[in-house]
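The following exercises ask the reader to work through a single protein chain, from its overall form down to individual residues. Each task is followed by a worked solution.

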Amino acid sequence: MLKKLVNHRQISLTIVAKRSANIQSIDSNLGDRMKILNDNRQYLKTLELIDKHKNHIETCSNWVIIQALKACSELRDIQRGSSIHDLVSSRLKHDPYIFPALIHFYMQCGDIDRAQSLFDGSSKKTLNIYGAMMKGYIRNKQAKKAIDLFSEINNPDKFIINLLFNACAQLGTAKELSLVKKVSLNIPKSFHSDPFIQTSLIDALMKCGDTLAAQSLFDTIKTRNLFIYGAMMKGFIINSMAIKAINIFNQIKDPNEVIVNLFFNACAQIGTEEALNLIIKVSSHIPQAFLSDSNLLSSLIDALMKCGNTVYAQSLFETSTMKTLSMYTAMMKGFIINNMADNAIKLFDDIKNPNEVTINLLFNACAQLGTAKELSLVKNVSSNMPKAFHQNSFIQTSLIDALMKCGDTLAAQSLFDTIKTRNLFIYGAMMKGFIINSMAIKAINIFNQIKNPDRVLYLLFFNACAQLGTEEALNLTKKVSSNIPQVFLSDSNLLSSLLDALMKCGNTIYAQSFFERSKIHTLSVYSVMMKGFIINDMAPKAIDIFNNIHKDEFQRENNQDKILNLSNKMKNEFSRSDITIYLCLIKALADIGIFSISQSMVQQIPSSYLSDYRIQNSLISMWGKTGSMDEAERIFKTVSQLDHIGYTAMINSYGLNGMSMQAVELFRKMPKEFIDESAYVCVLNACSHSGLVAIARSIFNNISIKTDIIYTTMIDCLSRAAVFDEAQQLIDQFERDHMPVWSMYMALLSGARNEKNANLSQNIFDRMKKHFPELKSSLVSASILLSNVYASTGDHEKASNIRMELEKSGAKKKVGLSITEIDGKILQFRAHDQSHPRSADIYIEADRISQELIEYGHKYDSSWITRPLQPDETIESVLCGHSERLAIAAHFIDNRKPKIIQITKNLRVCGDCHRVTKIIAALRQCEIVVRDANRIHHFYTNGQCSCNDYF
């Protein structure tokens, strides 16, 4: 639009120049011929004509000089244009027409200083000269200077007003919006009916974010041309309101190429199946001549790709006889979006002279695949591309990103070190790359080099701190968050990242305080809080967060107004945020593991979401962890397209609930392409908890690629069955080619503890101290296990010595917790807990149960007491104070007679509690389900347990 207006003004300007001069007919003919060539973009031929008259160019008319300068401008031929300037310099003081043409020329060539010098040296600044300067500033992304220049003009004409609106549109801030409205109110009324002004004003309002004002102006325009329609469509697209852009399109009778192009852009933004149908419908009715326009065809390909129809897009591309770089770009970008990076790379090979954009996309494709093959390609292409490309910040950023995602952090660091002028995108690529490669400390070091980080860099910093999850990282998170610009915290993504870091560093109190003070409570922020509580073993608090989300919150982010007019089907599309919230809810319910709570909460999930495969897989796992295998199996059977996650969840559920043969049977039915590390671990774990050593050994021996986790699970299976020699042989076998792994020794030590084998336990512990001296915090759990072994064998002196050493080091034992549900409320008990309002009644009931156990013939097993007794304690009082005993007692106060009790415990159930719970289930005729750290125990009313005492 601006170009047309400028051309119109230049024609007027040049006609006046032509009439004002005494031009010979031959000179006039030369100028006319040059204009025809320029109009047809044959700029070199224009300059060839002027070259034939270069000996007397200083005598040529203004008309000829202006045409020559225009050709130089378009070709960016600074040398030839400067020569013309030198030849006609004596005429500038008295010539009002060549002056703006020269300013325009220098601005087009990016030589702002020369243009500024000409402008400053002008004694009589006409509107044409002001216009050339303003247009030049806008072209060179210096809109602020154009606006400042506008304030010097006394009586701006339409052209100047138009340029002001263009400058304000380029900046797009609230300040410019205010200026646009002020100026538009004070311009002559006749200006308001000018379509050029109308178009640029709509454009400015849209780019400054005031879509309502733009719509209001549009509604008042009775005669609308295609430029006005285009400004509205483009504005809605810019403001992510593609549906409204499509509604505008539907009002146009005869759209041109530009309008159709914008329509495809709007459909691309929506990216749904309904948008795809619209694209196919419109593209089948547009004039065939339109498809010869490479820009329009590129836009069509881009829309098809973003709507997921790669086949049709590829068909269009392949049938095109004139494949431009923009079309290659659309295809490559489309393949990358659709996770078909291999196709993008193959397409790149067909490009003869790739430009910076296509090379940038190649690096993006290689980054998506991230293999050694792509790393080699990235290095090969980067070493052979033009030197000028190496200075392009976009290329530098995408190259660093590709190197990082292909795992070559050293090459990325080396490239980064050579870049003298680093922008925030480059810093961001480095930080993100280090985080991807689990090198968070280096990401933080990069952050410390940045003077004025933006939102993205703060977000990456918090991600790095979250990855570390240490006290030092927590302190850094607090320090940086206290100095961050407050406006940044209005960004929900940044706030989510900050809360995530606080949660992963273990400070749930500070995170919750920050969350409660913030007014930004989007679904993504809620989900971060829920995930944070879950990873900090505070699942009930995650449920509380879910209950605080208003029902309308789930719909707020679906943007229903944006999809209202497109399709009824689109109204039912799932929001990614909704799915995440429900997955967090299900995970919290799985951690709590109480059937009644899970049942009531799952009923709050809309039925439409229950058919989503992610929800279904999570529900299989959740029902398995609540001990409800009937529900888990029911959902498993209803899944229409089972994947490896669904199979693995079901196998794991069988294993947890002591149904190991069912787990093995399902594993054998599982499609081979679905079997991965997780599936092997789950089936071996199922065998481990039921003593199916022979079956586990057979499965293990048939695994072609055995990871450390698979080895660990098999070692655990052997250790539980007390097959220690074979377990040790597996460790030795693994360590021939690998470094020692902590978890393998813990599995062996745990088995030795079950067998109360003090000598073996001490030998294993000594080896752990030798192999893992730096893992001091992890050695705490091993020390506690060793202490328990000595205590169980009656060697309390050694057990006490180990405990004393732990106390001196400041190490803390993990506190045992049991969760249960009574009357719809989640209750949590610690060992010897006195915090419950009815603790007195609970302990009275616990004593009553204890007397029944003693009368039944139970003798309390002191070997499960792992510390010296206090003067006021007895073996009975210590064991009856275990958290699960208190939870069971709470269910029986007030003469209650529950039919089923469910308890989730964060530690392994001790042997005495296991025997006691079997007796209680029989005496009180109440089924008791206890999920401990390893498995689920179903204590039946016949006095038996589903684990068959193998735990």
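A helix here is a DSSP run of H or I of at least four residues, numbered from the N terminus. By that criterion S382 lies in helix α24. The model is a predicted one.

**Exercise 1. Determine whether the chain is more spread out than a compact globule.**

Solution. Begin with the inventory: the chain comprises 54 helices and five strands. Next, compare the radius of gyration, 37 Å, with the 30 Å that the globule rule gives for 951 residues. The computed value is well over the rule, so the chain is more spread out than a compact globule. The principal axes add the dimensions, since the C-alpha trace spans about 130 × 60 × 55 Å along them. Finally, consider burial and contacts. Of the 951 residues, 51% count as buried. Among contacts with a separation of 6 or more, 63% join residues 24 or more positions apart.

**Exercise 2. Establish whether helix α13 has the span expected of it, and whether it is enclosed or open.**

Solution. First, take the length: α13 covers residues 195-207, which is 13 residues. At 1.5 Å a residue these should span 18 Å, and the end C-alpha atoms are 18 Å apart, which agrees. Second, count the buried positions. Because 10 of the 13 residues are buried, α13 is largely enclosed by the rest of the structure. The buried residues include I197, L201, I202, L205 and M206, along with the polar Q198, T199, S200 and D203. Third, identify the cover: it includes α10 (158-171), α11 (174-186), α12 (189-192), α14 (211-220) and α15 (226-238).

**Exercise 3. Apply the reasoning of the previous exercise to helix α49 and state what follows it.**

Solution. Helix α49 runs over residues 776-792 and has 17 residues. Its first and last C-alpha atoms are 24 Å apart, close to the 24 Å expected. The helix is mostly covered, with 13 of its 17 residues buried. Just after α49 comes G794, which takes a positive phi of about 90°.

**Exercise 4. Describe the nonpolar cores of the chain.**

Solution. The largest nonpolar core has 287 residues, and those with the most contacts inside it are I103, I202, F264, I400 and M768. Helix α37 (residues 576-592) supplies the largest share of this core, 10 residues. Apart from it lies another core, of 35 residues, with F829, A846, I849 and A921 among them. Returning to I103, its contacts beyond four places in sequence are A115, L118, F119, I129, A132 and M133.

**Exercise 5. Compare the burial and contacts of L377 and S382.**

Solution. Place both residues first: L377 is in helix α24 (residues 372-384), and S382 lies in α24 as well. The cut-off for burial is a relative accessible area under 20%. At 11%, S382 counts as buried, whereas L377, at 22%, is partly exposed. Beyond four places in sequence, S382 touches F363, H390 and L399, and L377 touches I345, L362 and C366. The C-alpha atoms of L377 and C366 are separated by 7.9 Å, although the two residues are 11 apart along the chain.

**Exercise 6. Where do K141 and N895 lie, and are they buried or exposed?**

Solution. Most residues other than glycine have a negative phi. Against that background, K141 has a positive phi of about 60°, and phi of N895 is near 60°. Locate each in turn: K141 is in the loop between α8 (127-139) and α9 (143-150), and N895 is in the loop between α53 (883-892) and β3 (900-905). Then read the accessibility, for which exposed means over 50%. K141 is exposed at 67%, and N895 is exposed at 71%.

**Exercise 7. Analyse the pairing of strands β1 and β2.**

Solution. Strand β1 (residues 817-822) pairs with strand β2 (residues 825-830) in the antiparallel sense, over six bridges. One of the bridge partnerships joins S818 to F829 in β2. The two strands form a hairpin with two residues between them, and D823 in the turn has a positive phi of about 55°.

**Exercise 8. Relate two annotated spans to their secondary structure.**

Solution. An unreviewed UniProt entry annotates residues 643-673 as "repeat: PPR". This span is 74% helix and 0% strand, with end C-alpha atoms 10 Å apart. An unreviewed UniProt entry also annotates residues 857-951 as "domain: DYW". That span is 31% helix and 16% strand, and its end C-alpha atoms lie 23 Å apart.

Notes. Residues are numbered from 1 along each chain as its sequence is written. This is a predicted model: local features need pLDDT of at least 70, side-chain atom pairs count only at pLDDT 80 or more; totals for chains, interfaces and linings use all residues. Side-chain values use heavy atoms; hydrogens and water are left out. Two strands pair if DSSP finds at least two bridges between them. The expected span of a helix is 1.5 Å times one less than its number of residues. Buried means under 20% relative accessible area, exposed over 50%, partly exposed in between (1.4 Å probe, protein chains only). A nonpolar core is a set of buried Ala, Val, Leu, Ile, Met, Phe, Trp, Tyr and Cys residues joined through side-chain atoms within 4.5 Å. Contact means heavy atoms within 4.5 Å. UniProt positions are given in the numbering used here, feature names are shortened, and annotations may be inferred rather than shown by experiment. The radius of gyration is taken over C-alpha atoms; the globule rule is 2.2 Å times the number of residues to the power 0.38.
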